[in-house]
Amino acid sequence: MEKLYLVLENGQIFEGKSFGASGEITGEIVFSTAMTGYLETITDPSYFGQIVVQTFPLIGNYGVIPSDFESDKPYLKAYVVREWCQEPSNFRCEGDLDTFLKDAGVIGLYDIDTRQLTKIIREYGVMNAKITKSVENIDEIINELKAYKVTGAVKSATCNSVKVYNEEGNKHVVLMDFGEKANIQRELIKRGCKVTVVPSYTTASEILAMKPDGIMLSNGPGDPAENVEIIEEIKALVESKTPIFGICLGHQLTALSQGATTSKLKYGHRGGNQPVKEVETGRVYISSQNHGYAVDTESLPAHAELSWVNVNDGTCEGVIYKNSPVYTV
(Lines give C-alpha, C1' and ligand atoms only; values in the text may rest on other atoms or scores of the structure.)
Protein backbone atom coordinates (compact mmCIF):
# COMPACT_ATOMS: atom_id res chain seq x y z
CA MET A 1 0.00 0.00 0.00
CA GLU A 2 1.17 3.50 -0.87
CA LYS A 3 2.35 5.70 2.01
CA LEU A 4 0.45 8.98 2.46
CA TYR A 5 0.67 11.88 4.88
CA LEU A 6 -2.12 13.88 6.47
CA VAL A 7 -0.92 17.43 7.17
CA LEU A 8 -3.04 19.59 9.50
CA GLU A 9 -3.25 23.37 9.31
CA ASN A 10 -1.63 23.59 12.76
CA GLY A 11 1.50 21.84 11.39
CA GLN A 12 0.92 18.35 12.81
CA ILE A 13 1.58 15.42 10.47
CA PHE A 14 0.13 11.88 10.49
CA GLU A 15 1.53 9.05 8.41
CA GLY A 16 -0.89 6.52 6.94
CA LYS A 17 -1.60 4.25 3.99
CA SER A 18 -3.70 4.71 0.89
CA PHE A 19 -6.93 2.95 -0.05
CA GLY A 20 -9.70 3.98 -2.41
CA ALA A 21 -8.62 6.40 -5.15
CA SER A 22 -5.01 7.57 -5.28
CA GLY A 23 -3.92 11.20 -5.37
CA GLU A 24 -3.63 14.31 -3.19
CA ILE A 25 -6.42 16.50 -1.83
CA THR A 26 -7.06 19.55 0.36
CA GLY A 27 -10.21 20.03 2.44
CA GLU A 28 -11.71 20.97 5.80
CA ILE A 29 -11.12 18.11 8.26
CA VAL A 30 -14.05 17.03 10.46
CA PHE A 31 -14.95 13.91 12.46
CA SER A 32 -18.10 11.79 12.76
CA THR A 33 -18.83 9.77 15.89
CA ALA A 34 -21.35 7.43 14.22
CA MET A 35 -20.75 3.74 14.97
CA THR A 36 -22.71 2.58 11.91
CA GLY A 37 -24.03 4.32 8.82
CA TYR A 38 -20.71 4.91 7.05
CA LEU A 39 -22.46 4.62 3.68
CA GLU A 40 -24.90 7.39 4.62
CA THR A 41 -21.93 9.51 5.76
CA ILE A 42 -19.96 8.98 2.55
CA THR A 43 -22.96 9.88 0.34
CA ASP A 44 -24.26 12.80 2.47
CA PRO A 45 -23.98 16.04 0.39
CA SER A 46 -23.53 18.03 3.64
CA TYR A 47 -19.91 16.79 3.69
CA PHE A 48 -19.08 18.69 0.47
CA GLY A 49 -15.51 20.06 0.62
CA GLN A 50 -14.61 18.08 3.73
CA ILE A 51 -12.17 15.33 4.71
CA VAL A 52 -14.17 13.05 7.02
CA VAL A 53 -12.59 11.13 9.90
CA GLN A 54 -14.54 8.20 11.40
CA THR A 55 -13.99 7.78 15.14
CA PHE A 56 -15.28 4.19 15.06
CA PRO A 57 -12.18 2.02 14.43
CA LEU A 58 -13.42 -0.53 11.84
CA ILE A 59 -15.21 0.75 8.73
CA GLY A 60 -16.58 -1.20 5.77
CA ASN A 61 -17.52 -4.44 7.53
CA TYR A 62 -20.98 -4.64 5.92
CA GLY A 63 -19.73 -3.53 2.51
CA VAL A 64 -21.51 -1.26 0.05
CA ILE A 65 -25.33 -1.22 -0.08
CA PRO A 66 -26.62 1.28 -2.71
CA SER A 67 -30.17 1.35 -1.26
CA ASP A 68 -28.69 2.97 1.88
CA PHE A 69 -27.10 5.87 -0.05
CA GLU A 70 -28.27 9.42 0.73
CA SER A 71 -27.39 10.68 -2.78
CA ASP A 72 -26.13 9.32 -6.08
CA LYS A 73 -22.44 9.90 -5.30
CA PRO A 74 -20.01 10.89 -2.52
CA TYR A 75 -19.53 14.64 -1.97
CA LEU A 76 -16.71 14.49 0.57
CA LYS A 77 -13.10 15.24 -0.40
CA ALA A 78 -11.49 12.23 1.34
CA TYR A 79 -12.17 9.53 3.93
CA VAL A 80 -9.93 8.76 6.92
CA VAL A 81 -10.28 5.58 9.02
CA ARG A 82 -8.29 3.53 11.51
CA GLU A 83 -8.92 0.26 9.67
CA TRP A 84 -11.04 -0.77 6.67
CA CYS A 85 -12.56 -4.20 6.15
CA GLN A 86 -11.35 -6.00 3.03
CA GLU A 87 -13.86 -8.86 3.27
CA PRO A 88 -17.31 -7.42 4.12
CA SER A 89 -20.13 -9.71 5.22
CA ASN A 90 -23.82 -8.82 4.95
CA PHE A 91 -26.75 -10.37 3.08
CA ARG A 92 -27.43 -6.98 1.42
CA CYS A 93 -23.79 -6.33 0.45
CA GLU A 94 -23.15 -5.47 -3.22
CA GLY A 95 -19.45 -4.60 -3.10
CA ASP A 96 -16.55 -3.47 -0.94
CA LEU A 97 -15.62 -0.01 0.30
CA ASP A 98 -12.18 0.15 -1.35
CA THR A 99 -13.60 -0.53 -4.83
CA PHE A 100 -16.48 1.91 -4.28
CA LEU A 101 -14.13 4.75 -3.29
CA LYS A 102 -11.85 3.98 -6.25
CA ASP A 103 -14.80 4.10 -8.69
CA ALA A 104 -16.06 7.35 -7.11
CA GLY A 105 -12.61 8.99 -7.19
CA VAL A 106 -12.53 9.49 -3.41
CA ILE A 107 -9.14 9.27 -1.68
CA GLY A 108 -9.01 7.01 1.38
CA LEU A 109 -6.44 7.04 4.17
CA TYR A 110 -6.10 4.31 6.82
CA ASP A 111 -3.76 3.10 9.56
CA ILE A 112 -4.09 6.53 11.19
CA ASP A 113 -4.58 6.98 14.93
CA THR A 114 -8.07 8.43 14.52
CA ARG A 115 -8.52 8.75 18.30
CA GLN A 116 -5.50 11.06 18.61
CA LEU A 117 -6.55 12.94 15.45
CA THR A 118 -10.08 13.50 16.81
CA LYS A 119 -8.74 14.81 20.12
CA ILE A 120 -6.60 17.33 18.21
CA ILE A 121 -9.60 18.54 16.18
CA ARG A 122 -11.68 18.81 19.37
CA GLU A 123 -9.05 20.91 21.12
CA TYR A 124 -7.84 23.00 18.19
CA GLY A 125 -11.19 23.21 16.37
CA VAL A 126 -12.11 22.43 12.77
CA MET A 127 -9.22 23.21 10.45
CA ASN A 128 -8.01 22.53 6.93
CA ALA A 129 -5.88 19.53 6.06
CA LYS A 130 -4.09 18.00 3.09
CA ILE A 131 -3.51 14.39 2.12
CA THR A 132 -0.19 14.32 0.29
CA LYS A 133 2.51 11.93 -0.89
CA SER A 134 5.36 14.14 0.32
CA VAL A 135 5.95 16.57 3.21
CA GLU A 136 9.26 17.99 1.93
CA ASN A 137 7.61 21.34 1.10
CA ILE A 138 5.78 21.59 4.45
CA ASP A 139 5.82 25.43 4.64
CA GLU A 140 4.20 25.64 1.21
CA ILE A 141 1.51 23.13 2.29
CA ILE A 142 0.73 25.06 5.50
CA ASN A 143 0.34 28.32 3.51
CA GLU A 144 -2.00 26.52 1.08
CA LEU A 145 -4.07 25.19 4.00
CA LYS A 146 -4.42 28.61 5.62
CA ALA A 147 -5.74 30.02 2.33
CA TYR A 148 -8.24 27.20 1.62
CA LYS A 149 -11.98 27.86 2.03
CA VAL A 150 -15.07 25.83 1.15
CA THR A 151 -17.19 28.01 -1.19
CA GLY A 152 -20.14 27.52 -3.55
CA ALA A 153 -21.19 24.45 -1.55
CA VAL A 154 -24.97 24.60 -2.06
CA LYS A 155 -24.62 25.32 -5.79
CA SER A 156 -22.44 22.21 -6.08
CA ALA A 157 -24.74 19.95 -4.05
CA THR A 158 -28.24 20.92 -5.27
CA CYS A 159 -30.14 19.12 -8.03
CA ASN A 160 -30.40 20.83 -11.43
CA SER A 161 -34.02 20.08 -12.32
CA VAL A 162 -37.46 19.63 -10.74
CA LYS A 163 -38.37 16.04 -9.80
CA VAL A 164 -41.75 14.75 -8.61
CA TYR A 165 -42.19 11.67 -6.40
CA ASN A 166 -45.38 9.85 -5.35
CA GLU A 167 -47.66 11.78 -7.73
CA GLU A 168 -50.76 10.28 -6.04
CA GLY A 169 -49.88 11.63 -2.58
CA ASN A 170 -52.61 13.29 -0.51
CA LYS A 171 -50.52 16.29 0.60
CA HIS A 172 -48.18 18.23 -1.68
CA VAL A 173 -44.80 19.12 -0.17
CA VAL A 174 -42.21 21.14 -2.10
CA LEU A 175 -38.72 20.16 -0.95
CA MET A 176 -36.03 22.78 -1.53
CA ASP A 177 -32.83 20.86 -2.23
CA PHE A 178 -29.73 22.49 -0.71
CA GLY A 179 -27.93 19.11 -0.78
CA GLU A 180 -30.72 16.96 0.57
CA LYS A 181 -30.39 13.50 2.06
CA ALA A 182 -32.59 11.04 0.12
CA ASN A 183 -34.12 9.87 3.40
CA ILE A 184 -36.03 13.17 3.72
CA GLN A 185 -38.13 12.45 0.64
CA ARG A 186 -38.44 8.76 1.63
CA GLU A 187 -39.90 9.78 5.01
CA LEU A 188 -42.30 12.29 3.41
CA ILE A 189 -43.50 9.65 0.91
CA LYS A 190 -43.93 7.16 3.78
CA ARG A 191 -46.36 9.70 5.29
CA GLY A 192 -48.43 9.82 2.10
CA CYS A 193 -47.05 13.04 0.62
CA LYS A 194 -46.52 13.97 -3.01
CA VAL A 195 -42.99 15.43 -3.04
CA THR A 196 -41.72 17.96 -5.57
CA VAL A 197 -37.95 18.42 -5.24
CA VAL A 198 -36.75 21.77 -6.57
CA PRO A 199 -33.22 23.21 -7.01
CA SER A 200 -31.89 25.63 -4.39
CA TYR A 201 -32.13 28.59 -6.79
CA THR A 202 -35.93 28.21 -7.24
CA THR A 203 -37.72 31.47 -6.36
CA ALA A 204 -40.46 31.85 -3.75
CA SER A 205 -42.99 32.82 -6.43
CA GLU A 206 -42.17 29.68 -8.45
CA ILE A 207 -42.65 27.50 -5.35
CA LEU A 208 -45.90 29.19 -4.30
CA ALA A 209 -47.22 28.80 -7.87
CA MET A 210 -47.03 25.02 -7.29
CA LYS A 211 -49.67 25.51 -4.53
CA PRO A 212 -47.91 23.33 -1.93
CA ASP A 213 -49.59 22.26 1.31
CA GLY A 214 -46.17 22.60 2.92
CA ILE A 215 -42.54 23.46 2.17
CA MET A 216 -39.55 21.44 3.36
CA LEU A 217 -36.13 23.14 3.56
CA SER A 218 -33.40 20.50 3.38
CA ASN A 219 -29.99 20.00 4.90
CA GLY A 220 -26.91 21.04 2.95
CA PRO A 221 -23.23 21.96 3.13
CA GLY A 222 -21.20 25.10 3.70
CA ASP A 223 -21.56 28.43 5.48
CA PRO A 224 -25.28 29.34 5.66
CA ALA A 225 -24.61 33.11 5.53
CA GLU A 226 -23.06 32.69 2.06
CA ASN A 227 -26.50 31.97 0.53
CA VAL A 228 -27.77 35.55 0.35
CA GLU A 229 -30.25 35.06 -2.52
CA ILE A 230 -31.76 31.89 -1.01
CA ILE A 231 -32.23 33.65 2.35
CA GLU A 232 -34.30 36.38 0.63
CA GLU A 233 -36.52 33.76 -1.05
CA ILE A 234 -37.08 31.96 2.28
CA LYS A 235 -38.08 35.30 3.83
CA ALA A 236 -40.80 35.60 1.17
CA LEU A 237 -41.91 32.00 1.79
CA VAL A 238 -42.26 32.68 5.54
CA GLU A 239 -44.33 35.80 4.77
CA SER A 240 -46.66 33.67 2.58
CA LYS A 241 -47.84 31.85 5.76
CA THR A 242 -47.38 28.46 4.03
CA PRO A 243 -46.40 25.77 6.58
CA ILE A 244 -42.59 25.34 6.53
CA PHE A 245 -40.33 22.77 8.16
CA GLY A 246 -36.55 23.22 7.98
CA ILE A 247 -33.77 20.87 8.98
CA CYS A 248 -30.01 21.51 9.35
CA LEU A 249 -29.06 24.13 6.72
CA GLY A 250 -32.79 24.81 6.20
CA HIS A 251 -33.02 25.61 9.93
CA GLN A 252 -30.07 28.01 9.73
CA LEU A 253 -31.25 29.75 6.53
CA THR A 254 -34.71 30.30 8.02
CA ALA A 255 -33.17 31.94 11.10
CA LEU A 256 -31.03 34.19 8.88
CA SER A 257 -34.13 35.16 6.89
CA GLN A 258 -35.76 36.32 10.15
CA GLY A 259 -32.85 38.52 11.21
CA ALA A 260 -30.92 36.06 13.40
CA THR A 261 -27.22 35.27 12.96
CA THR A 262 -25.22 32.05 12.69
CA SER A 263 -21.69 31.16 13.78
CA LYS A 264 -19.24 28.36 13.18
CA LEU A 265 -19.02 25.68 15.86
CA LYS A 266 -15.60 24.74 17.21
CA TYR A 267 -15.77 21.21 15.83
CA GLY A 268 -19.42 20.73 14.79
CA HIS A 269 -22.01 18.09 15.62
CA ARG A 270 -21.52 15.02 13.43
CA GLY A 271 -22.65 11.49 14.18
CA GLY A 272 -25.59 9.40 15.34
CA ASN A 273 -25.38 10.12 19.07
CA GLN A 274 -26.00 13.85 19.58
CA PRO A 275 -28.15 14.58 22.67
CA VAL A 276 -30.81 17.29 22.31
CA LYS A 277 -33.25 18.57 24.94
CA GLU A 278 -36.79 19.72 24.25
CA VAL A 279 -37.10 23.05 26.08
CA GLU A 280 -40.83 22.68 26.84
CA THR A 281 -40.66 19.21 28.46
CA GLY A 282 -36.99 18.86 29.45
CA ARG A 283 -36.92 15.47 27.72
CA VAL A 284 -33.64 14.46 26.08
CA TYR A 285 -33.48 12.64 22.73
CA ILE A 286 -30.50 11.12 20.93
CA SER A 287 -30.33 12.46 17.38
CA SER A 288 -28.36 12.01 14.18
CA GLN A 289 -26.67 15.24 13.07
CA ASN A 290 -24.20 16.72 10.63
CA HIS A 291 -23.63 20.46 10.89
CA GLY A 292 -20.72 22.79 11.49
CA TYR A 293 -22.70 26.00 12.12
CA ALA A 294 -25.30 26.96 14.73
CA VAL A 295 -27.99 29.62 15.03
CA ASP A 296 -26.99 32.16 17.71
CA THR A 297 -29.76 31.87 20.33
CA GLU A 298 -29.38 35.43 21.63
CA SER A 299 -29.89 36.79 18.09
CA LEU A 300 -33.36 35.22 17.62
CA PRO A 301 -36.08 37.83 16.98
CA ALA A 302 -39.00 38.40 19.36
CA HIS A 303 -41.35 36.26 17.23
CA ALA A 304 -39.02 33.23 17.48
CA GLU A 305 -38.87 30.79 20.39
CA LEU A 306 -36.03 28.38 21.19
CA SER A 307 -37.51 24.84 21.14
CA TRP A 308 -34.48 22.51 21.33
CA VAL A 309 -30.96 22.85 22.76
CA ASN A 310 -27.83 20.73 22.39
CA VAL A 311 -27.09 19.08 25.75
CA ASN A 312 -23.31 19.05 25.18
CA ASP A 313 -22.73 22.72 24.39
CA GLY A 314 -26.07 24.48 24.94
CA THR A 315 -26.39 25.69 21.34
CA CYS A 316 -29.68 26.21 19.51
CA GLU A 317 -31.10 23.02 17.97
CA GLY A 318 -34.63 24.13 17.11
CA VAL A 319 -36.87 27.18 16.71
CA ILE A 320 -40.63 27.77 16.58
CA TYR A 321 -41.72 30.95 14.77
CA LYS A 322 -44.90 32.64 16.04
CA ASN A 323 -45.52 34.94 13.05
CA SER A 324 -46.04 32.04 10.62
CA PRO A 325 -46.51 28.22 10.74
CA VAL A 326 -42.74 27.63 10.64
CA TYR A 327 -40.76 25.12 12.68
CA THR A 328 -37.09 24.20 12.25
CA VAL A 329 -34.57 21.86 13.89
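This tour proceeds from the sheet to the helices packed on it and ends at the cysteines.

The model is predicted, so local features require pLDDT of at least 70 and side-chain atom pairs count only at pLDDT 80 or more, while totals for chains, interfaces and linings use all residues. Residues are numbered from 1 along each chain as its sequence is written, and side-chain values use heavy atoms, with hydrogens and water left out.

**The sheet**

Select the strands in the order S10-S12-S11-S13-S14-S19-S18-S17-S15-S16; they form an open sheet of 10 strands with mixed pairing. Strands (E, at least two residues) and helices (H or I, at least four) are DSSP runs, numbered from the N terminus. Two strands pair if DSSP finds at least two bridges between them. Strands of a sheet pair through backbone hydrogen bonds, either parallel or antiparallel.

Next, select residues 163-165 and 284-295: these are the edge strands S10 and S16, each of which pairs on one side only. On average, neighbouring strands of this sheet are turned by 20° against each other, direction ignored.

Now show S10 together with S12 (residues 193-199): the two run antiparallel and are joined by three bridges. Valine 164 has threonine 196 of S12 as its bridge partner.

**Helices on the sheet**

Add helix H6 (residues 182-190), which lies across S10, S11 (171-177), S12 and S13 (214-217) and runs at about 155° to S12. Axes are lines fitted to C-alpha atoms, for helices over the stretch in contact, and angles run from 0 to 180 degrees between N-to-C directions. Helix H9 also packs on the sheet, where the strands touched include S14 (244-246) and S15 (262-278); the direction of H9 makes about 55° with that of S18 (316-321). Contact means heavy atoms within 4.5 Å.

**H8 against H9**

Select residues 228-239 (H8) and 249-257 (H9), whose axes come within 8 Å and cross at roughly 80°. The two helices are therefore roughly perpendicular (65 to 115 degrees). Among the residues making the contact are Ile230, Ile231 and Lys235 of H8 and Leu253 and Thr254 of H9.

**The cysteines**

Which cysteine has its sulfur nearest to that of cysteine 159? It is cysteine 248, 17 Å away, and cysteine 159 is in no disulfide. A disulfide is a pair of cysteine sulfur atoms within 2.5 Å, and the whole structure has zero. Cysteine 159 is buried, at 10% relative accessible area (buried is under 20%, exposed over 50%, partly exposed in between, with a 1.4 Å probe and protein chains only). Finally, select cysteine 316, which is also buried, at 3%; its closest cysteine sulfur, in cysteine 248, is 12 Å away, too far for a bond.

Methods. Parallel < 35°, antiparallel > 145°, perpendicular 65-115°, else oblique.
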